[in-house]
Amino acid sequence: MKVLFTFFVPSGGVDTLNRLRTAVLKRHGIEAHVLYLYPGSGLQNGTGTPVFTASSDAEIKELLDQHQYDAIIVTSDISMPGRLRGLGYDGRIIFEAQGLGTRDQALETIQMAIPYLQAYCDAAVIPPTDHLLEMFIHICPWLHRFVIPNMLDTQTFSPLKVDVPPYPVIAWVGRLEHNKNWQEYLHISSEIIRQIPSSRMWMFHDPTLANPEDEVFFKHMLAEKGLEDRIGIFVNVPHSQMPTFYSMTAESGGLMLSTSLLEGFGYAVAEAISCGCPVLSTDSDGVRSFITHNKTGKFYPIGQVNTAVSEAIDLMQNTKLRERIRTQGRQHMSISFSPDRYATSFREMMTALRIFF
């Protein structure tokens, strides 16, 4: 069996998911390819998986004709199913809901997708994320749904022996755009630094995906808060290097701070926890599958900076709690997000859709 996953650009959590699942599906007898419409920073994270970049109808049709895919999983792109049918593809098309942004953005996307889902798609697959499941049940009750938890490479993303920074690190991973709520990261970090002056900020982001207005505002806020000499900005770090940075953050006595308004899964947070890096996060829905407050991580209510600062300092200075959270978080990720479990669920979906027997 041969399947194709499609998405807009190779970046962020979807790029991570595609690399992980194509590798594990291959071990389970399913050949999987990836198509991105446009190039992106994730192409540097190459594996043995065939990855194509094509945006014209002629290029996509050539790919379809050459490989004769049994099924195509279209991630988030509501126009792609219609394009595929228009190019003559008559196999199964499964719409995948990942990376749809805030609740309002996700709702708008799914509502706009209704005619495309009805006309061109055989099913939808979603992670076990409450807001997405609720929307698909109420908006598309006629559509066959599959709920498959995402996976994590807990062997690669594990605690490493590293050089320890001479200061506690407050790490953040994301994009300079509304849903990642980067302003709150600066507000919280500024107050943590005021109370623990030795602390420093590490920010990991992809400037090619930043909102230009957010970039300008970000520089202004840094200057306004006097944080320009307290922050290290890391651009397009190869995914394979992130376990080192998460381990360094953990060993520094610092933490990862996640300020997102909403996450379908939250790969950066999951990977940090898997590396033994303690995390303080907003309750952004998708992260509930691996964060339990004061057990595998910490939550704070969105917008409540003072509460976030209090929780962060507790996580940094309460040594007993910190080590318990690190240990339990790592154990939970290892048990719950096995790639082989994903592959089994994927094969069950293919069987249910009569693609794989």
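## Exercises on a predicted model

In this model, Tyr36 stands opposite Thr53, a residue of strand 3. The model is predicted, so local features need pLDDT of at least 70 and side-chain atom pairs count only at pLDDT 80 or more, while totals for chains, interfaces and linings use all residues. Residues are numbered from 1 along each chain as its sequence is written, and side-chain values use heavy atoms, with hydrogens and water left out.

**Exercise 1. Place strand 3 in its sheet and find which strands form the edges.**

Step 1. Helices (H or I, at least four residues) and strands (E, at least two) are DSSP runs, numbered from the N terminus. Two strands pair if DSSP finds at least two bridges between them.

Step 2. Strand 2, residues 31–36, is joined to strand 3 by three bridges, and the two run parallel.

Step 3. The open sheet has seven strands in the order 3-2-1-4-5-6-7, with parallel pairing. Strand 3 (51–53) and strand 7 (145–147) are the edge strands, each pairing on one side only. From one strand to the next, the twist averages 25°.

**Exercise 2. Determine which strands helix 1 touches and which strands helix 12 lies across.**

Step 1. Contact means heavy atoms within 4.5 Å. Axes are lines fitted to C-alpha atoms (for helices, over the stretch in contact), and angles run from 0 to 180 degrees between N-to-C directions.

Step 2. Helix 1 (residues 12–27) packs on the sheet and touches strand 1 (2–7), strand 2, strand 4 (71–75) and strand 5 (92–96). The direction of helix 1 makes about 160° with that of strand 2.

Step 3. Helix 12 (residues 339–352) lies across strands 1, 4, 5, 6 (123–126) and 7. Helix 12 runs at about 105° to strand 1.

**Exercise 3. Find which side chains join helix 12 to helix 1, and state whether each is buried or exposed.**

Step 1. A salt bridge is a side-chain nitrogen of Lys or Arg within 4 Å of a carboxyl oxygen of Asp or Glu. By this rule there are 17 salt bridges.

Step 2. One of them pairs Asp340 with Arg27 at 3.7 Å, N to O. Asp340 lies in helix 12 and Arg27 in helix 1, 313 residues apart.

Step 3. Buried means under 20% relative accessible area, exposed over 50%, and partly exposed in between (1.4 Å probe, protein chains only). Asp340, at 37%, is partly exposed, whereas Arg27, at 57%, is exposed.

**Exercise 4. Work through the salt bridges of Arg83 and Arg288.**

Step 1. Arg83 forms a salt bridge with Asp57, with 2.6 Å between the closest N and O atoms. Arg83 belongs to helix 3 (residues 80–86) and Asp57 to helix 2 (residues 57–67), 26 residues apart. Arg83 is partly exposed at 24%, and Asp57 is partly exposed at 41%.

Step 2. Arg288 meets Asp285 at 3.6 Å, N to O. Arg288 is partly exposed at 40%, but Asp285 is buried at 5%.

Step 3. A network of salt bridges links Asp130, Asp283, Asp285 and Arg288.

**Exercise 5. Judge how compact the protein is for its length.**

Step 1. The protein has twelve helices and 13 strands.

Step 2. The radius of gyration is taken over C-alpha atoms, and the globule rule is 2.2 Å times the number of residues to the power 0.38. The radius of gyration is 21 Å, close to the 21 Å that the rule gives for 357 residues, so the protein is as compact as a globular protein of that length.

Step 3. Buried residues make up 54% of the 357.
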